[in-house]
Amino acid sequence: MAKIISIHSYRGGTGKSNLTANIASIVASQGNRVGIVDTDIQSPGVHILFGVNEKKLEYTLNDFLWGQCPIEKVACDVTHVLQENAHKDSKIYLLPSSMKINDISRILREGFDIELLFDGFQSLVDKLKLDYLFIDTHPGLNEETLLSLTFSDIVFVVLRPDKQDFQGTAVTVEVAQKLKVPQIFLIINKALAAYNFMKMSEQIESTYGLPVVGILPESKDVIRLASNGIFSLKYEDHPITETIKEIAKTVMIK
C-alpha cells in the first residue's frame, strides 16, 4: 500500500510546491517509487522545478479529468533530476496540470469530477507500483482540498510566521482533525534567521497541539535558485537541505 502525503497551506506563497518537490525527491533518493500530482489546477507550477517543458507535454492532469486519457499517461518520468543521488530502485513520476490559459479557464468555469480524480490516484498507485504519492494541493479550503485531506495518511500544513497564516492554519488544522487525518505535521517556512527557532517551535506546537517537524529560514540561496531545480539536490550540504531530510524521515517511518 502506498502512503499518501498531502502538502497544504491555507494561503498561497508559503513555498508549498517547492517543499513538495524537495521532500518527494529526498524520499525517492532512498530507493522509493514516488508520484507527485499537481492538483493546484488553477495555478500549477511544480513542473517548473523539475525542468518539464509544458509545451512538450502530450497529456496533463486536465486531459485525464476530461476523459481524454488514462491517468498513467499523464505521468512524466523525472527521475533524472536525482542524478548521482538516485538509488537503483528510485523513481519519480510527475503528473502536471496544464498551463494553457484555455484549459485553466475551462476548469474554473466547468469544474471537474473530484471523485474521478481520487479514483485516478488509486489507479496510478497500482499502475506505477508507487511507494509514496505526494499531492500538491490548491491553497485554502475547497471540495478538492477536503477530499485530499480525507484521502491522506499524512498532511503537512505549511505556514509562515505571519498572523494571517496562523489564523488560516488554525482553520485547516481543525478541519483536518475533524476528517480524522491519521498524521498532521506543521512546517514553518520563510522564518527570519534572527528568530529563536526553538521558542517559535514550542509556541506553535502549544497553540495547535501538533508537532512542528521543520522550520526553514528565509534564504538568499533559495531566492537565488529561483525555482531553477530542486534545492536539496543542488545544495546537498546546506542547512535547509538537512532540515528537509529530517522532514522526509517522518514520511518514511513505517
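This briefing covers the sheet, the largest pocket, the cysteines and one tryptophan of the structure above. The model is predicted. Its sheet is open and has eight strands, with mixed pairing. Its largest pocket has a volume of about 440 Å³. No disulfides turn up in a search of the whole structure.

**Annotated domain**

- The UniProt record, an unreviewed entry, carries the annotation "domain: AAA" for residues 2–179.
- Over residues 2–179 the chain is 41% helix and 17% strand.
- The end C-alpha atoms of that stretch are 20 Å apart.

**Sheet order and edges**

- The strands run in the order β3-β4-β2-β5-β1-β6-β7-β8.
- β3 (76–77) and β8 stand at the edges.
- Each of these two has a single partner strand, so one side of each lacks a neighbour in the sheet.
- In general, strands of a sheet pair through backbone hydrogen bonds, in a parallel or an antiparallel sense.

**Strand β6 and its partners**

- Strand β6 spans residues 154–159.
- Six of its six residues are buried, so β6 is largely enclosed by the rest of the structure.
- As a rule, side chains in a regular strand alternate between the two faces of the sheet.
- On one side of β6, I154, F156 and V158 are buried.
- On the other side, V155, V157 and L159 are buried too, and both faces are thus covered.
- Strand β1 (residues 3–8) runs parallel to β6, and four bridges join them.
- I5 has I154 as its bridge partner in β6.
- β6 also pairs with β7, in the parallel sense, over six bridges.
- Here F156 stands opposite F185 in β7.

**From β7 to β8**

- β7 and β8 pair in the parallel sense, over four bridges.
- L186 stands opposite V212 in β8.

**The largest pocket**

- In general, rolling a probe the size of a water molecule over the atoms shows where empty space is left.
- The largest pocket has a volume of about 440 Å³.
- It is lined by 23 residues, and the closest to its centre are G15, N18, N189, K190 and V222.
- Six elements give two or more residues to the lining: α1 (16–29), α2 (46–49), β7 (183–191), β8 (212–217), α9 (220–225) and α11 (239–252).
- The largest share, five residues, comes from α1.
- By character, the lining residues divide into eleven nonpolar, nine polar and three charged.
- β7 and β8 thus appear both in the pocket lining and as a parallel pair in the sheet.

**Cysteines**

- Zero disulfides are found in the whole structure.
- C69 is in no disulfide, and the nearest cysteine sulfur, that of C76, is 11 Å away.
- C69 is buried, with a relative accessible area of 9%.
- C76 is likewise in no disulfide, and its nearest cysteine sulfur is that of C69, 11 Å away.
- C76 is buried as well, with a relative accessible area of 18%.

**Tryptophan 66**

- W66 lies in the loop between α3 (61–65) and β3.
- W66 is buried, with a relative accessible area of 18%.
- The cut-off for buried is under 20%.
- W66 and I107 are 41 residues apart in sequence.
- In space, W66 and I107 are 9.7 Å apart, C-alpha to C-alpha.

Terms used
Residues numbered from 1 in each chain as written. Predicted model: local features only at pLDDT ≥ 70, side-chain atom pairs only at ≥ 80, totals over all residues. Heavy atoms only, no water. 1 Å grid on protein atoms, 1.4 Å probe; cavity = no way out; pocket = protein on both sides within 12 Å on 5 of 7 lines; lining within 4 Å. Points joined across faces, edges and corners; volume = space filled by probe spheres on them. Nonpolar A, V, L, I, M, F, W, Y, C, P; charged D, E, K, R; others polar. UniProt positions renumbered as here; feature names shortened; annotations may be inferred. Disulfide = S-S within 2.5 Å. Buried < 20%, exposed > 50% of the residue type's maximum accessible area, 1.4 Å probe, protein only. Pairing = 2+ DSSP bridges.
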